[in-house]
Amino acid sequence: MTEAIPHDLLRDLTPQVVAVVTRRCGDFYAAEDAVQEALVEAVRSWPERGVPDQPRGWLITTAMHRLVDAKRSESRRRERERADHLAEPERQETSAVDDSLDVLLLCCHPSLTPASAVALTLRAVGGLTTREIAHAYLVPEKTMAQRISRAKATIKGRSLGIDGTADLAARIPAMLKVLYLLFNEGYVATEGDHLQRVDLCAEAIRLTRLARTALARVTGTGHGELGGLLALMLLLDARRPARVDAHGAVVPLADQDRSRWRPEATREGVALVDAVIGSGRPGTYQIQAAIAALHNRAPSAEETDWLQITALYGLLEKVAPGPIVTLNKVVAVGYADGPGPALALLDELLRGCAENGSGGFVDHPRVPAVRAHLLELAGDLDGAAAAYDLASVRATNLAERRFLTSKAAALRDARC
């Protein structure tokens with residue numbers, strides 16, 4: 001008779017065990033590999049033997065076994081150390097919550113590229129295997145293994161732990177960015193047949209909850225931007241059931257059946273926005289969450305408060321200026337003031353990008369997609385169809401490409 005492993009048990013324990021083993025051996029690179037082997041052994045043996053009374057201690061001991069086995073040939077001293085570790089009761093080096101935060105912050109270190117940080121976070125904090133991560137990102141397992149190996153080598157020798165509030169404050173922005181990128185990859189997959197990858201969205205939300213709880217434990221207070229990020233994820237994920245139809249085709253926000261949106265996620269997200277938006281000067285994620293909350297609060301697309309959304313995008317431009325932010329503002333202006341002012345703003349944005357050396361933004365697939373939508377609102381169906389065609393050529397996600405192609409075809413059919 002097999003026994004099911006409790007949901008999320010291994011993922012919750014992974015960063016705690018990595019932290020303890022790293023502190024004991026002083027080598028994050030080796031510790032993370034050993035913990036992965038311990039997790040594989042747990043998945044193999046626990047269903048048959050039952051979950052141990054102290055699963056955290058079991059994983060720590062098993063990981064230490066793997067570490068010592070890997071170094072057995074170095075000297076007899078390693079054999080004695082193994083005996084010492086086997087005889088040694090589990091130590092509570094620090095609280096489990098603090099361990100999770102330590103490992104998450106290390107995996108999101110600013111010295112890592114975003115792609116490497118996301119991969120390492122999924123493995124060392126999320127407890128996913130290299131094969132699972134490679135599958136999620138649609139790359140060969142060997143490629144992902146090399147990416148993770150390079151990430152671990154980059155942070156090798158860096159300390160595990162937070163050195164005061166200044167150090168903590170300096171590390172948080174990178175962590176926020178990694179969690180945001182992870183969610184975005186799940187929300188709109190860069191490649192593949194499907195628009196969204198539910199598992200990555202769920203993991204990003206879980207890790208953001210973990211980080212928020214851990215940070216509150218360390219500082220005694222919440223963190224406005226972390227709360228804003230969690231709210232943003234929840235509000236966007238609330239719409240997930242309505243974002244594609246029964247055939248997997250993309251359904252734009254204005255056409256979604258809002259009765260299918262998940263009300264519990266909306267309620268939690270809106271409550272978080274209300275709680276954090278007044279806690280000091282609003283940051284990037286808090287403002288984005290406030291925008292998302294306006295969409296989720298609206299009973300229908302027609303009742304959306306586009307004037308307030310436009311104002312919030314104006315504020316976001318000041319806090320975190322960038323062409324994508326302005327492009328989103330263009331869409332809001334199109335609904336609030338009409339397609340004419342929005343198209344003028346879009347042309348102004350593209351001229352500015354060309355002048356300041358950001359001309360590559362012109363090739364972003366969302367640029368012609370937004371232009372197509374505005375031209376459609378303005379009644380220029382031929383121009384809109386041509387712009388949708390261009391957007392479909394640039395799109396890398398197959399579900400988005402099919403949607404854009406179908407929009408162009410529908411507009412041409414309407415002209416006949």
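**Helix α11.** I looked up how covered α11 is in this predicted model. The helix is mostly covered, with 15 of its 15 residues buried. I then checked its length. Helix α11 runs over residues 224-238, and at 1.5 Å a residue its 15 residues should span 21 Å. The C-alpha atoms at its ends are 21 Å apart, so the expected span and the model agree.

**W261.** Next I went to the loop between α11 and α12 (263-276), where W261 is found. Is W261 buried or exposed? Its relative accessibility is 6%, and buried means under 20%, so W261 counts as buried.

I asked which residues W261 is in contact with, leaving aside neighbours within four places in sequence. I found A238, R239, A242, L253, Q256, H295 and N296. With one of these, Q256, the contact is also polar: the side chains of W261 and Q256 meet at 3.0 Å. I also took a distance back to L235. W261 and L235 are 26 residues apart in sequence, and their C-alpha atoms are 9.4 Å apart in space.

**Nonpolar cores.** I noted beforehand that nonpolar side chains tend to be buried together in soluble globular proteins. Here I looked up the largest nonpolar core, which has 91 residues. V21, L59, Y137 and M175 are the residues with the most contacts inside this core. I followed up Y137, again not counting residues up to four places away in sequence. Y137 touches V118, L122, M144, L182, E185, R197 and L200. I then found a second, separate core of 27 residues, which includes F361, L374, A387 and L411.

Conventions: Residues are numbered from 1 along each chain as its sequence is written. This is a predicted model: local features need pLDDT of at least 70, side-chain atom pairs count only at pLDDT 80 or more; totals for chains, interfaces and linings use all residues. Side-chain values use heavy atoms; hydrogens and water are left out. A nonpolar core is a set of buried Ala, Val, Leu, Ile, Met, Phe, Trp, Tyr and Cys residues joined through side-chain atoms within 4.5 Å. Buried means under 20% relative accessible area, exposed over 50%, partly exposed in between (1.4 Å probe, protein chains only). Contact means heavy atoms within 4.5 Å. Helices (H or I, at least four residues) and strands (E, at least two) are DSSP runs, numbered from the N terminus. The expected span of a helix is 1.5 Å times one less than its number of residues. A polar contact is a pair of N or O atoms within 3.5 Å; within protein, one must be able to donate a hydrogen and the other to accept it, and residues adjacent in sequence count only if both atoms are side-chain atoms.
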